[in-house]
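Colleague: I am new to this structure and would like to know what the labels on it rest on. Please take me through the reasoning.

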Amino acid sequence: MDVLPIGVQDLPPLHGCSLESAEDSVRQVHGLVDSLRQEGIPADRIYVGGFQQGGALALLAGLTYQQRLAGCIVFSGLLLGADRVGTLAGPAARGLRVFWGHGLHDGVFDVSLQDEGCNAVKEFGLGAWCRITSRRYPMGHSWHPQELQEATEFLNDMPLRVPEFD
């Protein structure tokens, strides 16, 4: 990020982050997922997640991984490449479950970034593929006990297998 704090009005569509740099980091996340798969863990049992920029990378990694992941957890993040999500996301993004929590009073990553990301997923037709649970909490750029509880419930509610979509 070149500048913080940011909201949807600041340096759109990438908000000061180089998509090329983000894609380099996403390749590293994909490499970690590949390592888990080599250990015998199926991709559809693996979650990725993070806070702020880590959440942004996790979301982009989940949408672009070559196999369907179980899901993604984003705490106070954003969707990198929101203007190109339709071409960045691969077919394996079908069925991706996302939990996205954000603070209503976040002074670093404005809550408007959550709206932008969720809207981009819907606008590019991924809404039927990617199932986003979007929640807001009375906090700043931080964690909230209810957020952690709901994220835990999201993880514990993992389906045995993600259904196929036609």
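Modeller: A charge sits over a ring if NZ of Lys or CZ of Arg is within 6 Å of the ring centre and within 35 degrees of the ring normal. Keep in mind that this is a predicted model.

Colleague: Which charged end sits over the ring of Phe 154?

Modeller: That of Arg 97, which is 4.1 Å from the ring centre. The limit is 6 Å, so the distance condition is met.

Colleague: How many aromatic pairs does the structure hold?

Modeller: There are five aromatic pairs. One of them joins Phe 51 and Trp 143, with 5.2 Å from centre to centre and 25° between the planes.

Colleague: Why is the pair of Phe 51 and Trp 143 called stacked?

Modeller: Rings pair if their centres lie within 6.5 Å, and planes under 30 degrees apart count as stacked. With 5.2 Å and 25°, Phe 51 and Trp 143 therefore form a stacked pair.

Colleague: What makes this pair a tie between parts apart in sequence?

Modeller: Phe 51 belongs to strand 1, while Trp 143 is in the loop between strand 4 and helix 5, so the pair links parts 92 residues apart in sequence.

Colleague: Are Phe 51 and Trp 143 buried or exposed?

Modeller: Neither label applies, because partly exposed covers the range between under 20% and over 50%. Phe 51 has 26% relative accessibility and is partly exposed; Trp 143, with 43%, is partly exposed.

Colleague: Why is the pair of Phe 75 and Phe 99 edge-to-face?

Modeller: Their planes are at 70°, and over 60 degrees counts as edge-to-face, so the label follows. The ring centres are 6.5 Å apart. Phe 75 is in strand 2 and Phe 99 in strand 3, so this pair ties together parts 24 residues apart in sequence.

Colleague: How do you know whether Phe 75 and Phe 99 are buried or exposed?

Modeller: Buried means under 20% relative accessible area. Phe 75 has 9% and so counts as buried, and Phe 99, with 1%, is buried.

Colleague: Which residues do ring pairs link into a cluster?

Modeller: The cluster consists of Tyr 47, Phe 51, Phe 75, Phe 99, Trp 143 and Phe 154.

Colleague: What makes Glu 150 buried?

Modeller: Its relative accessible area is 17%, and the cut-off is under 20%, so Glu 150 is buried. Glu 150 lies in helix 5 and touches residues including Phe 99. The side chains of Glu 150 and Gln 146 make a polar contact at 2.8 Å.

Technical notes: Residues numbered from 1 in each chain as written. Predicted model: local features only at pLDDT ≥ 70, side-chain atom pairs only at ≥ 80, totals over all residues. Heavy atoms only, no water. Phe/Tyr/Trp six-rings, centres within 6.5 Å; stacked < 30°, edge-to-face > 60°. Helix = DSSP H or I, 4+ residues; strand = E, 2+ residues; numbered from the N terminus. Buried < 20%, exposed > 50% of the residue type's maximum accessible area, 1.4 Å probe, protein only. Polar contact = N/O pair within 3.5 Å; in protein donor to acceptor, adjacent residues only side chain to side chain. Contact = heavy atoms within 4.5 Å. Lists of a residue's contacts leave out its neighbours within four places in sequence.
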